[in-house]
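Trainee: Please pick one part of this structure and look at it closely with me. I am new to it, so explain each term as you go.

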Amino acid sequence: MPLQIMLKLYRCESINSKVVVSSGTSSLDEESLLGEKYESLIRERKVYLIDKETPAPAGTVLLSYVVAKPFPSLQKPSTSNQHRPENTFVQLVGHRDLQVTRDMEAVVYHDFSLGESSTDVPIHDLTLAQYQHVSSIHEPQSSALYNSVESSESLTNTKRPRAWSCGEESPQLIELRKRLEYTVHFQAQRFKPNSRGDVVQDSLTILEELLVKLPAEIGFNIEIKYPRLHEAAEAGVAPVAINMNDFIDVALTTVRKFGGKRQIGLSSFTPEVCILLSFKQSAYPVMFITNAGKVPMQDQELRAASLQTAVHLARLWNLSGIVFACETFLHCSRLVQFVKNTGLICAPYGLLNNDPANAIAKAAAGIDILMADRVKLIAESSINTL
């Protein structure tokens, strides 16, 4: 039987008596033209209420919903992932974004579209082989210049491949940069993270590779990068994504298979993703990331743009904590205790966390976790001596 939702509007006749005035029903399982693998990012459903006495419309109700499907394999808490006890040092972590390819493989990539391909093709429209092929094009050892040099040397005189850093203006580098010029992200930002010649660059990777190759003592904060409606518009991609339940199940399956005893936390900007993660598993803590307090206000999602609403969401759906933009805490450090007093873990994210002075100030305010890109620099500061 298809999922349905029924709404009834009552009129109170007395304290103990109420009468149905109007009602309406809507199906939540309508067949999508997108097929089984994809779903629309527009999750609102309009329910029309019909008057009880006449067939005339009585009004409409707009609902936003998500359907949770079970993932039974991670229902027992992991002892290595329990909440950190009070009065211990600030936990310093890096983080990276997880997305899912068309053939349902978990890859580690930040942007919604793969600009390195010279297009704005979404990650979910690529196969893993296509993703890895684009990566190989940008690897130093795959360039024509590198290969021509290697071919002229003795095969026994092999050299260790290295990442390309800035300052190497080869024809290949110029061509690679040209490929990015007409993508949405490059036109908006005028640069592309992890692009050869502008920053230290290495090949693209997948979640399995990181879980297998990195030392087990390195903890992971895995951000589930599932697009929201306004983000898809900003990225220049269609308001379509892989079915959210399947997307999350791919991530959880990979973590379950290769995570081992590693400390792992899960997080997302997408409220529905956090809700499903809380429903589907209890082995790993889930944190909601919010843009609350970040200016200019661009987030069109109330739950992600209001600090009070973010806290309410986290408590309502049994999440472990909140990740706020670091600017929020720098402007008002008392907000740290506001979050912690509700029983939630408090963590900031953002570029300003890469400044040791800011990191020390946040540690003094009582944060539990600090997310930074320059992990080594911050680790050598005094955040854990306060």
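**The enclosed space and the core**

Mentor: Four cavities of 30 Å³ or more are present in the structure. A cavity is a set of points on a 1 Å grid over the protein atoms alone, where a 1.4 Å probe fits but cannot get out. Grid points are joined across faces, edges and corners, and the volume is the space filled by probe spheres set on the points. Keep in mind that this is a predicted model: local features need pLDDT of at least 70, side-chain atom pairs count only at pLDDT 80 or more, and totals for chains, interfaces and linings use all residues. Residues are numbered from 1 along each chain as its sequence is written, and side-chain values use heavy atoms, with hydrogens and water left out.

Start with the largest cavity. Its space is about 90 Å³. Its lining has 15 residues, and Q99, F112, H124, P227 and A241 lie nearest the centre. A lining residue has an atom within 4 Å of a point. By type, 12 of the lining residues are nonpolar, two are polar and one is charged. Here Ala, Val, Leu, Ile, Met, Phe, Trp, Tyr, Cys and Pro count as nonpolar, Asp, Glu, Lys and Arg as charged, and the others, Gly among them, as polar.

Which strands feed this lining? β7 (96-100) and β11 (240-242) each supply at least two residues. β11 gives the most, with three. Strands are DSSP runs of E, at least two residues long, while helices are runs of H or I, at least four long; both are numbered from the N terminus.

Now the nonpolar core. The largest one has 62 residues, and L98, L207, I222 and F324 have the most contacts inside it. Helix α7 (residues 244-258) gives the most to this core, with seven residues. Apart from it lies another core of 11 residues, including M287, A325, Y349 and M371. Such a core is a set of buried Ala, Val, Leu, Ile, Met, Phe, Trp, Tyr and Cys residues joined through side-chain atoms within 4.5 Å. Buried means under 20% relative accessible area, with a 1.4 Å probe and protein chains only.

Take I222 as a sample of the larger core. Leaving out neighbours within four places in sequence, I222 is in contact with R96, L98, L207, V255, I264, G265, L266 and S267. Contact means heavy atoms within 4.5 Å.

Next, follow strand β12 (residues 264-268). It pairs with β13 in the parallel sense, over three bridges. Pairing requires at least two DSSP bridges between the strands. One bridge joins S268 to F288 of β13. Why call β13 (residues 286-290) largely enclosed by the rest of the structure? Five of its five residues are buried, so that description fits. V286, F288 and T290 point one way from β13, while M287 and I289 point the other way.

After β12 comes a loop to α8 (271-280), and T270 is in it. T270 counts as buried, at 1% relative accessibility. Beyond its neighbours within four places in sequence, T270 is in contact with Y226, R228, M244 and F288. So F288 comes up again: it is a contact of T270 and the bridge partner of S268.

Finish with α8. Eight of its 10 residues are buried, so α8 is largely enclosed by the rest of the structure. The buried ones are P271, E272, V273, C274, I275, L276, L277 and K280.

Key
1 Å grid on protein atoms, 1.4 Å probe; cavity = no way out; pocket = protein on both sides within 12 Å on 5 of 7 lines; lining within 4 Å. Buried < 20%, exposed > 50% of the residue type's maximum accessible area, 1.4 Å probe, protein only.
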